[in-house]
Amino acid sequence: MQPRLEEGKDPGATLRTTPSRPFPFRLLQFFLLFLVIGLGASILSMYMIRHFGIHNVALVQSTFIKPCFQQPDGASIESFIRPASSLMHTMNDSELFWRASFVPRIKSYPFKRVRKMAFMFLTKGPLPMAPLWEKFFKGHEGLYSIYVHSLPSYTADFSPSSVFYKRQIPSQVAEWGMMSMCDAERRLLANALLDISNEWFVLLSESCIPLQNFSIIYRYISRSWYSFMGAIDEPGPYGRGRYDENMAPEINFTDWRKGSQWFEINRELAIRIVEDTTYYPKLKEFCIPHKCYVDEHYFQTMLTINTPLLLANRSLTYVDWSRGGAHPATFGKDDINEEFFKKILQDQTCLYNNQPSTLCFLFARKFSPNALGPLLEIAPEVLGI
């Protein structure tokens, strides 16, 4: 006897009703694929972290996994303030000056900063006075840095024990009286500025010598309220006569100054020189040789306009112009005696921190190579070196 169908029911309903439905095979495939991809990504991430130190592998570009920001392993304040192990680099001047012009906005340093003095040698080639400078620097490691700008064709052969070993910077040809000379000086400043510990910058030539020992020079410069750059308003054809009215309005006639090429400046003024794009084009175009010698006017005029109250308005480098001519006197072995140094060291008066002083010069030039022997002999007694 067949079961009785209720009225209004579909006869096939009982045939379509089952206790449960089997788990879909396609959903199982998707789950397994997702599991394989996730496991592969995890293994790849661990591999890259172990071998490349990458801690963020979330972004994928092309077939490579790259972090949005990568911090070097062991990064600390030392990695940002430690001087480069080599002075050689591939930056051009524009890149170098841009990099050197960085200034911390917070003035208090979050580390112990030992302020160093950067000695910058502008030379053509060899440093004949190097043995005297070696004696000068000995025992004062950590308080100075050395930078040498020479002709690109010159290769120094200092021994690894020398303070001048591998202290050459990437250099270009510098011609007397041309803007390329100021370019070389700016290049020296910019390379020295890359070391955040350098606070004072002294420009020297291969014919310069120190007139005092390191301790006296360091104390004299570090305690000075001013930077030492001569910048005078000199009447006559060799001063005001070199001004060109085309330099206005950036440089007016009343701003025009002249001074020695050899200077000592602090970090603030060094940055101002390196970052300048206002006065450089004017001097390069309108201060040209035979009419104007740019190394005697560029920095002197620019700093007089921008920071006149920070200049002592004198040089620390003694030069003898009494013999006349376009170049100062050169001193040879016959000039080296106690009387010679007495004239430089004792027969002088100047202002130091607005007070009268008889210690006016810390360096001197120009000394010929044959003066080295007598200088080394007299240095301990007369120069304290």
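**Notebook: backbone geometry in the loops**

I began with N354, which lies in the loop between β9 (350-352) and β10 (355-357). The model I am reading is a predicted one.

I looked up the backbone of N354 and found phi near 70°, a positive value in a residue other than glycine. I then asked whether N354 is buried or exposed. With a relative accessible area of 45%, N354 is partly exposed, because this class lies between the cut-offs of under 20% for buried and over 50% for exposed.

I turned next to N313. Where is N313 found? I located N313 in the loop between α10 (298-306) and β8 (317-318). Phi of N313 is near 60°, and I noted that this is a positive value in a residue other than glycine. The relative accessible area of N313 is 37%, so I entered N313 as partly exposed.

My following entries concern cis peptide bonds. Which residue does a cis peptide bond join to P249? I found that the partner is A248, and I recorded omega as about 5° for this bond. I placed P249 in the loop between α7 (214-222) and β7 (264-266).

I also looked up the bond between R365 and K366, which is a cis peptide bond with omega of about 10°. For its position, I noted that K366 lies in the loop between β11 (363-364) and α12 (372-383).

As a closing entry, I set down the positive phi of N354 and that of N313, together with the cis bonds A248 to P249 and R365 to K366.

How values were computed. Residues are numbered from 1 along each chain as its sequence is written. This is a predicted model: local features need pLDDT of at least 70, side-chain atom pairs count only at pLDDT 80 or more; totals for chains, interfaces and linings use all residues. Side-chain values use heavy atoms; hydrogens and water are left out. Helices (H or I, at least four residues) and strands (E, at least two) are DSSP runs, numbered from the N terminus. Buried means under 20% relative accessible area, exposed over 50%, partly exposed in between (1.4 Å probe, protein chains only).
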